[in-house]
Amino acid sequence: MEKRYNKEKFIDFLERLDKKLKQHIYVIVLGGTALSLLGLKSRTKDIDFFVKDIDFDTFNPILEEVISETIPKDKVDYWIDGEMVFVKGGWSESRLPPDYSAISLDYQSVNLENITLKILN
């Protein structure tokens, strides 16, 4: 599998995820993934995003299935509803502002049924 991921690869990943979901969710991308969607970076080393309106126990098995078809597991980092946990010399937790989803940019260049795609700005 690839070591770097372009916009098309990420959109393919989202389309596969969208087909497996049984409810509507928000996917809010950040970092290199966001820059790739905006056309400011041609490739990214991993895929970073938040999901909103779905819990971990529901989302994770769906994601695991899509990852097995598309991208190595260690190249996907995601967090549920603004909660970020970092492990560098111990645990550190961070929370995005409550309005992070509302102030994120809508990305409408992809037609997905169960996913609203946004870019954290």
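A residue counts as buried when its relative accessible area is under 20%. By that cut-off, six of the six residues of strand 2 are buried, so this strand is largely enclosed by the rest of the structure. The model behind this picture is a predicted one. In strand 2 the cover comes on both faces: Ile47, Phe49 and Val51 are buried on one side, and Asp48, Phe50 and Lys52 are buried on the other. Strand 1 looks much like this too, with four of its five residues buried, so it is also largely enclosed by the rest of the structure.

Both strands belong to an open sheet of five strands, laid out in the order 3-2-1-7-6 with mixed pairing. The edges go to strand 3 (76-80) and strand 6 (105-106); each has a single partner strand, so one side of each is left without a neighbour in the sheet. Helix 1 (residues 7-20) packs on this sheet and touches strand 1, strand 2 and strand 7 (115-119). The direction of helix 1 makes about 150° with that of strand 7. Helix 3 (residues 56-70), for its part, lies across strand 1, strand 2 and strand 3, and runs at about 165° to strand 3.

Now for the pairings, strand by strand. Strand 1 (residues 25-29) meets strand 2 (residues 47-52) in the antiparallel sense, over four bridges. Along this pairing, tyrosine 26 sits opposite lysine 52, isoleucine 28 has phenylalanine 50 as its bridge partner, and valine 29 stands opposite phenylalanine 49. Strand 1 also runs parallel to strand 7, and five bridges join the two. Here valine 29 turns up again, with isoleucine 119 of strand 7 as its bridge partner. On the other flank, strand 2 pairs with strand 3 in the parallel sense, again over five bridges. One spot along that pairing puts two aspartates face to face: aspartate 48 stands opposite aspartate 77 of strand 3.

Where strand 2 gives way to helix 3, there is a loop that holds aspartate 53. The phi angle of aspartate 53 is near 75°, a positive value in a residue other than glycine. With a relative accessible area of 45%, aspartate 53 is partly exposed.

Next come the charged side chains, which form seven salt bridges. Lysine 20 takes part in a pair of contacts that span the two helices. Its side chain meets that of glutamate 65 in a salt bridge at 3.0 Å, N to O. Glutamate 65 is in helix 3 and lysine 20 in helix 1, so to speak a link between distant parts of the chain, 45 residues apart. Lysine 20 also meets glutamate 69 in a salt bridge, at 3.6 Å from N to O. Glutamate 69 is in helix 3 as well, and here the partners are 49 residues apart. How accessible are these side chains? Lysine 20 is partly exposed at 24% relative accessibility, as are glutamate 65 at 40% and glutamate 69 at 35%.

A further salt bridge, at 3.4 Å from N to O, brings together the side chains of aspartate 106 and lysine 118. Aspartate 106 lies in strand 6 and lysine 118 in strand 7, so this pair ties together parts that are twelve residues apart in sequence. The two partners fall into separate accessibility classes: aspartate 106 is partly exposed, with a relative accessible area of 47%, whereas lysine 118 counts as buried at 8%. Back at the helices, salt bridges that share partners join Asp12, Arg16, Lys20, Glu65 and Glu69 into one network.

Finally, there is a nonpolar patch on the surface, made of Leu35, Leu38, Leu40 and Leu105. Together these leucines have about 360 Å² of accessible area. Leucine 105 lies in strand 6, one of the edge strands of the sheet. At 39% relative accessibility, leucine 105 counts as partly exposed.

Terms used. Residues are numbered from 1 along each chain as its sequence is written. This is a predicted model: local features need pLDDT of at least 70, side-chain atom pairs count only at pLDDT 80 or more; totals for chains, interfaces and linings use all residues. Side-chain values use heavy atoms; hydrogens and water are left out. Two strands pair if DSSP finds at least two bridges between them. Contact means heavy atoms within 4.5 Å. Axes are lines fitted to C-alpha atoms, for helices over the stretch in contact, and angles run from 0 to 180 degrees between N-to-C directions. Patches are made of residues with over 30% relative accessible area and no salt bridge: like charges are joined within 9 Å, nonpolar side chains (Val, Leu, Ile, Met, Phe, Trp, Tyr) within 5 Å. Accessible areas come from the Shrake-Rupley method with a 1.4 Å probe; for residues, only the protein chains shown count as cover. A salt bridge is a side-chain nitrogen of Lys or Arg within 4 Å of a carboxyl oxygen of Asp or Glu. Buried means under 20% relative accessible area, exposed over 50%, partly exposed in between (1.4 Å probe, protein chains only).
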